[in-house]
Amino acid sequence: MIRWKRRLAIIAMIGVGSLHGHAEQPSESGLRELVLQDCGSCHGMTLKGGLGPALRPSDLENRSVEAVAAIIRSGVPETAMPPWKDLLSDGEIRWISEALKSGSLVNNDDSR
Ligand code: HEC
């Protein structure tokens with residue numbers, strides 16, 4: 001958790017950036033970076049899991065985009081998964097959920 005402060009700074013920067021854009025159009029490169037760096041610090045840089053579970057499309061196939069978004073928004077109580085609703089807009093959370101479900105963030109064929 002030592003790197004947490006720096007992470008929050010990155011998130012804050014992305015947050016400020018999104019104020020200038022449209023709420024419906026979060027900065028995709030910024031969000032991609034956030035997911036791989038921040039979510040990746042627990043879920044693995046290629047989202048194959050670490051402290052937190054893997055987040056590849058096959059891992060999330062039993063959850064809807066809305067269910068994934070709800071987890072990101074509120075976190076999972078009693079676990080290391082934090083709530084993100086104060087740091088990310090609903091539009092950003094939705095974008096991340098769709099990106100995780102579609103696998104567009106990482107190129108994870110299971111051979112690597
Ligand atoms: C500090 C560590 C940590 C960070 C940072 C983190 N997570 Fe998690 N996440 C977890 C843990 C641990 C779980 C498992 C909770 C449980 O036991 O149900 C989890 C669960 C999840 C789940 C549910 C997975 C499933 O199949 O049940 C999703 C989706 C998720 N995280 C997305 C994210 C996203 C997106 C981010 C970044 C915005 C993120 N997480 C950042 C630790 C983290």
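## The ligand and its iron site

The ligand sits in the largest pocket of this predicted model. Three elements each give two or more residues to the shell around the ligand: helix H2 (28-43), helix H3 (65-74) and helix H4 (90-102). Of these contributions, the one from H2 makes up the largest share, with four residues.

Let's look at who lines up around the ligand. There are 20 residues around the ligand, and Cys39, Cys42, His43, Arg63 and Met81 come nearest. By residue class, the shell around the ligand holds 15 nonpolar residues, three polar ones and two charged ones.

Two side chains place polar atoms at short listed distances, set out here:

| Side chain | Ligand atom | Distance |
|---|---|---|
| His43, N or O atom | nitrogen | 2.7 Å |
| Arg63, polar atom | oxygen | 2.7 Å |

Now to the metal. Which protein atoms are donors of the iron atom of the ligand? They are NE2 of His43 and SD of Met81, lying 2.0 to 2.1 Å from the iron. This pair brings together distant parts of the chain: His43 belongs to helix H2, Met81 to the loop between H3 and H4, and the two are 38 residues apart. The iron atom of the ligand has six donor atoms in an octahedral site, and the angles among them run from 87 to 179 degrees.

His43 is therefore worth a second look on your screen: its side chain has an N or O atom 2.7 Å from a ligand nitrogen, and its NE2 is a donor of the iron.

Conventions: Residues numbered from 1 in each chain as written. Predicted model: local features only at pLDDT ≥ 70, side-chain atom pairs only at ≥ 80, totals over all residues. Heavy atoms only, no water. Near = heavy atom within 4 Å. Polar contact = N/O pair within 3.5 Å; in protein donor to acceptor, adjacent residues only side chain to side chain. 1 Å grid on protein atoms, 1.4 Å probe; cavity = no way out; pocket = protein on both sides within 12 Å on 5 of 7 lines; lining within 4 Å. Sits in = over half its atoms within 2 Å of the grid points. Nonpolar A, V, L, I, M, F, W, Y, C, P; charged D, E, K, R; others polar. Donors = N, O, S within 2.8 Å, 3.2 Å for Na, K, Ca; no water. Tetrahedral: all angles 85-135°; square planar, octahedral: opposite > 155°, others 65-115°.
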